[in-house]
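This report goes through the pockets, a helix pair and several individual residues of one protein chain. Please keep the structure open while reading.

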Amino acid sequence: MVSLSSSRMFQLGHIQPNGHRSHKSRLVTKDGRCNIEFGNIEYSNHFAYLVDFWTTFVEIRWRFVLLLFVAAFTGSWFIFSLLWYWIAKSNGDLTGQNRTDGHVQCIDNVNGLTTAFLYSLETQTTIGYGGRALTGHCAVTVALIIIQSLIGVFINCFMCGVILAKISLPKKRAKTVTFSNTAVICLKKGSLCLLIRVANLRKTLLIGSQIYGKLLRTTTTPDGETIILDQVDIDFMVDAGKDNLFFVCPLTLYHVINRSSPFYELSVDTLPLQDFELVVFLDGTAESTSSSCQVRTSYIPQEIQWGFTFLPIISRTKTGKYHVDFSNFSKSVRVTTPHCIRCFETDADQRNHNKHNQENHKKLGIDNLGFQVIDIHDSVDVTKM
């Protein structure tokens, strides 16, 4: 245990009620969406979206995909029905047209626009009820049915591909990875650290997971230039490292606040007054689909609790299984925490100085190398021999 002087060590922290969340605008929302828009783009640049039409169709919303699905099929059926109607009318196959003796029909039972539409639908969907059919006496009808069949296959493949691609988007896998609602600052392994908790809600792993962060803030250069959304790297790690994580259970990420950290100058008093945004990224590959995905979230100063630590959520059942209690996933508890990193370093120097003096004046003796510390689980009556 680290002992700090009571004058500079006290319990601090503040939990925001659910109804008092900050309305500060942020670049990345809590669910990972980027809050940014583009303006004054030249009209000619919009054609770039048409060139990359596949990505455009995959990224548009589902309501537009369904609208495109209906429009593609019904539109093709109607356009070809007009062509079939024109062929039937030109050949004199419609009802009410004057037919000469020995008239050879191109299409049987196409007597109007409605029947032409039904024939177009039956042709493209390969239904073939048998009531309407080509006679084979007109070459143009043979060519048109080939063209419609090929276009129908293309539409089927394209729309099925778009729907399948949207269903299997990696960002859907990211929905089953969640971060804690708040971050905390407390002592961890003798250092002042910023902690964030992340959990994978599926039992399938994210292979090759990597965790990193970006601190976004507005800075002013020595030349007087103002840089909006200046990015500073933030290193996060867990006890097992920071790359290729074994992401089978919730992990607590921590960033050590030292002299190289951008949070070095912060204190419990100045933290709520800051204007920055901490964006945390998790990159990994889904084990079941082998698709790469990225999970993002962000924290503003009002969502960082100084003097708190997360409650434990992992336990072991009597049957030997590990149990994760997600009801405590984002809950935190007050702990004794330094007022600032400078206070912690000053007290650490004082502790090292006192420890050095005590070692110089301690009583000399002989170490028992065979001594071991054991835990006694059962009470023992020491008066009995």
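## Pockets

About 350 Å³ of space lies in the second largest pocket. Its lining is made up of 15 residues, and those closest to the pocket centre are Lys203, Val248, Cys249, Tyr322 and Val324. By residue class, the lining of the second largest pocket splits into 10 nonpolar, 2 polar and 3 charged residues. The model behind these values, and behind those that follow, is a predicted one.

The largest pocket holds about 860 Å³ of space. It is lined by 28 residues, of which Asp31, Gly32, Arg33, Lys171 and Lys175 are the closest to its centre. In the lining of the largest pocket, 11 residues are nonpolar, 6 are polar and 11 are charged.

Which elements each supply at least two residues of the lining of the largest pocket? They are helix H3 (62–91), helix H6 (170–174), strand E4 (177–179) and strand E12 (292–299). Strand E12 gives the largest share, with 5 residues.

## The helix pair H3 and H5

Two packed helices are described by the angle between their axes and the distance between the axes. For H3 and helix H5 (residues 139–167), the axes come within 11 Å and cross at roughly 175 degrees. H3 is therefore roughly antiparallel to H5, since an angle over 145 degrees counts as such. The contact of H3 with H5 is formed by 20 nonpolar, 4 polar and 1 charged residues.

Helix H3 also holds Asn91. This residue counts as partly exposed because its relative accessibility is 23%, and partly exposed residues lie between the limits of 20% and 50%. Cys138 is placed in the loop between strand E3 (133–134) and H5. With a relative accessible area of 13%, Cys138 is buried. Along the chain, Cys138 and Asn91 are 47 residues apart, while their C-alpha atoms are separated by 9.4 Å. Asn91 can also be paired with Cys106: these two are 15 residues apart in sequence and 7.0 Å apart in space, C-alpha to C-alpha.

## Two histidines and their polar contacts

His255 belongs to strand E10 (residues 251–256). Is His255 buried or exposed? His255 is buried, because its relative accessibility of 7% is under the 20% limit. A polar atom of the His255 side chain lies 2.9 Å from the backbone oxygen of Asp235. The side chain of His255 also makes a polar contact with the side chain of Ser261, at 2.7 Å.

His339 sits in the loop between strand E18 (336–338) and helix H7 (341–361). Its relative accessibility is 19%, so His339 counts as buried; the limit for that class is under 20%. What does the side chain of His339 contact? It makes a polar contact of 2.8 Å with the side chain of Asp269.

## Loop residues

Most residues other than glycine have a negative phi, and most peptide bonds are trans. Asn109 has a positive phi of about 65 degrees, although this residue is not a glycine. Lys189, also a residue other than glycine, has a positive phi near 55 degrees.

Val238 is another loop residue, found between strand E8 (226–234) and strand E9 (243–245). Val238 and Leu195 are 43 residues apart in sequence, with 9.8 Å between their C-alpha atoms.

The table gives the loop and the accessibility of these residues.

| Residue | Loop between | Relative accessibility | Class |
|---|---|---|---|
| Asn109 | strand E2 (107–108) and helix H4 (113–124) | 43% | partly exposed |
| Lys189 | strand E5 (183–188) and strand E6 (191–200) | 64% | exposed |
| Val238 | strand E8 (226–234) and strand E9 (243–245) | 8% | buried |

Why does Lys189 count as exposed? Lys189 counts as exposed because its relative accessibility is 64%, and the exposed class is over 50%. Asn109, at 43%, is partly exposed. Val238, at 8%, counts as buried.

Conventions: Residues are numbered from 1 along each chain as its sequence is written. This is a predicted model: local features need pLDDT of at least 70, side-chain atom pairs count only at pLDDT 80 or more; totals for chains, interfaces and linings use all residues. Side-chain values use heavy atoms; hydrogens and water are left out. Helices (H or I, at least four residues) and strands (E, at least two) are DSSP runs, numbered from the N terminus. Buried means under 20% relative accessible area, exposed over 50%, partly exposed in between (1.4 Å probe, protein chains only). A polar contact is a pair of N or O atoms within 3.5 Å; within protein, one must be able to donate a hydrogen and the other to accept it, and residues adjacent in sequence count only if both atoms are side-chain atoms. On a 1 Å grid over the protein atoms alone, a cavity is a set of points where a 1.4 Å probe fits but cannot get out, and a pocket is an open set with protein on both sides within 12 Å along at least five of seven lines; lining residues have an atom within 4 Å of a point. Grid points are joined across faces, edges and corners, and a volume is the space filled by probe spheres set on the points. Ala, Val, Leu, Ile, Met, Phe, Trp, Tyr, Cys and Pro count as nonpolar, Asp, Glu, Lys and Arg as charged, and the others, Gly among them, as polar. Axes are lines fitted to C-alpha atoms, for helices over the stretch in contact, and angles run from 0 to 180 degrees between N-to-C directions. Angles under 35 degrees count as roughly parallel, over 145 as roughly antiparallel, 65 to 115 as roughly perpendicular and the rest as oblique.
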